[in-house]
Amino acid sequence: MLEILQGFGFPVNPHIRTGLTLAGVLQAYKDLEALRESLAYEIDGMVIKVDDLGLQQILGEKIKSPRWAIAYKFSAREETTTIKDIIVQVGRTGVLTPVALLEPVNVGGVMVSRATLHNEDEIKRKDIRIGDKALVVRAGDVIPKIVRVFPDRRDGTEKPFAMPEYCPVCLSKIERLKLDRSYMNKCVNASCQAQLKERIRHFVSKKAFDIEGLGRKIVDQLVDEGMIRSFADVFKLEAEKLAELERMAEKSAGNLTQAIEASKKISLARLIYSLGIQHAGENAGKLLSRQFSSLDEVMAASAADLEGIHGIGPETASAVHGFFANAENQTMIRQLLEAGIEIQNDRPRSSETPESPFYQKRVVLTGTLASMARNEAQALLEASGAAVTSSVSAKTDFLIAGADAGSKLDKAKKAGVRILDEAEFLAMVRQA
Ligand SMILES: [Zn+2]
């Protein structure tokens, strides 16, 4: 394929190697690492792929990545610099994160001047002090971090860091909450401006409402000026008022209000992501939007319904359920709809056939089918507009049971789910 593409005149990376044994792969890694500095672009490793398309099909995919490709990273680049100060950032959920301000240093071609310190425990464990000489790494596009400090290079002026007792932004008392085996420090004031700023930034970001022109500084200004107090306020911004802001020209104010207007049409998946629900990222948004046909349905789903969706874990299910069960969040959603948000459902897809008995039904496959592989059956069902899930619940419409069906069949019988054998399934698929 690469040769054909090259023949068509497409640029193809000359460093790609094929047909290698495992020893050859390791050699390719060494060769590429030696080439790294001489390349005109930055690389942080290589990708090893099974290049047989048939094998790729058999290996299949995990939720976020294929099983037939894996990244092999080069060792991280590191440099030594000085920690000038340690400040505290307040995140979207109110969690306080200490950040080291560094004497700017060039780490593998990128100037680094801050490094996250994750939490107070990490600072204590690594005995990191303000003024210390520290070893900084930058692996891939990951945020730089401090590996260790050098206590033997201290001159006595270094100061230990203490987590503030009050939020640096809203001055509320900080709560110390236990999380797994470590502690986190949290500003629990729901109207803390720092949290609001982070939530709004996430809300308008590329994978959410994608409002161009509503960058970091403008969000800061709008929240500081009291023009944005909630998500819905974003859609109430007027060009005249925006133009009065510092550094905002009339023209860009006009562009911004246009971008805001255009963003009002949003897919259900993006909308869910934009709300910044804990544990519910981009992928959860997509999974939920495939399973439910409207926001109302998502909001009405029980934690068990949500957990029944393939790919949604118990933490995400309970966070999503808790979020929508909260009265303030329900008000927030209502305000968004009143502000003119239009949720465009990702379903039904154009190829779907409403005549199919599986259209908009929840289907679970179990056991072995004689006539086709499980993924083929799933593709057929999805093409007819079904949502194929992995576990049986009271909301399941059909269970298709092949040979050697196990516990799912028992569960479906108990739940009164309609059970189809392979012949019935094939007959119904053909019907559509
Ligand atoms: Zn605060």
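This section describes the overall organisation, the zinc site, the internal spaces and selected residues of a predicted model.

The protein chain comprises 432 residues, of which 39% are buried. Its secondary structure consists of 17 helices and 17 strands. Taken along the principal axes, the C-alpha atoms occupy a box of roughly 80 × 60 × 50 Å. The domain assignment divides the protein chain into domain 1 (2–73), domain 2 (77–160), domain 3 (193–263), domain 4 (267–344) and domain 5 (362–431). Between domain 2 and domain 4, the centres computed over C-alpha atoms are separated by 36 Å.

A zinc ion is held by four cysteine sulfur atoms, namely the SG atoms of C167, C170, C187 and C192, at 2.2 to 2.4 Å. Along the chain, these donors follow the spacing C-x2-C-x16-C-x4-C. The arrangement of the 4 donor atoms is tetrahedral because the angles they subtend around the zinc ion run from 95 to 119°, and the tetrahedral class requires all angles to lie between 85 and 135 degrees. For four tetrahedral donors, the ideal angle at a metal is 109.5 degrees. Two of the coordinating cysteines may be described by their accessibility. C167 has a relative accessibility of 1% and therefore counts as buried, whereas C170, at 23%, counts as partly exposed. The cut-off that applies here is 20% relative accessible area, under which a residue is buried.

The largest pocket has a volume of about 1300 Å³. Its lining is made up of 39 residues, with I16, R17, T18, V47 and K49 lying nearest the centre of the pocket. Two or more lining residues are contributed by each of helix 1 (2–7), helix 2 (22–35), strand 1 (45–49), helix 3 (53–59) and strand 2 (69–73). Helix 2 provides the largest share of this lining, with 6 residues. By residue class, the lining of the largest pocket contains 24 nonpolar, 8 polar and 7 charged residues.

Enclosed space was also examined. The count of cavities of 30 Å³ or more comes to 1, and the largest cavity holds about 90 Å³ of space. The residues that line the largest cavity are Q291, A304, D305, G308, I309, R362, T389, S391, S393, K395 and T396. Domain 4 (267–344) and domain 5 (362–431) each supply at least three residues to this lining. In the lining of the largest cavity, 2 residues are nonpolar, 6 are polar and 3 are charged.

Two further positions illustrate the placement of individual residues. F203 belongs to helix 5, which spans residues 193–203. With a relative accessible area of 0%, F203 is buried. F203 and I272 are separated by 69 residues in sequence, while their C-alpha atoms are 9.9 Å apart in space. H118, in turn, is located in the loop between strand 5 (110–116) and helix 4 (120–125). The relative accessibility of H118 is 39%, so this residue counts as partly exposed. The C-alpha atoms of H118 and K145 are 9.1 Å apart, and the two residues are separated by 27 residues along the chain.

Key: Residues numbered from 1 in each chain as written. Predicted model: local features only at pLDDT ≥ 70, side-chain atom pairs only at ≥ 80, totals over all residues. Heavy atoms only, no water. Domains from an automatic or database assignment. Donors = N, O, S within 2.8 Å, 3.2 Å for Na, K, Ca; no water. Tetrahedral: all angles 85-135°; square planar, octahedral: opposite > 155°, others 65-115°. Buried < 20%, exposed > 50% of the residue type's maximum accessible area, 1.4 Å probe, protein only. 1 Å grid on protein atoms, 1.4 Å probe; cavity = no way out; pocket = protein on both sides within 12 Å on 5 of 7 lines; lining within 4 Å. Points joined across faces, edges and corners; volume = space filled by probe spheres on them. Helix = DSSP H or I, 4+ residues; strand = E, 2+ residues; numbered from the N terminus. Nonpolar A, V, L, I, M, F, W, Y, C, P; charged D, E, K, R; others polar.
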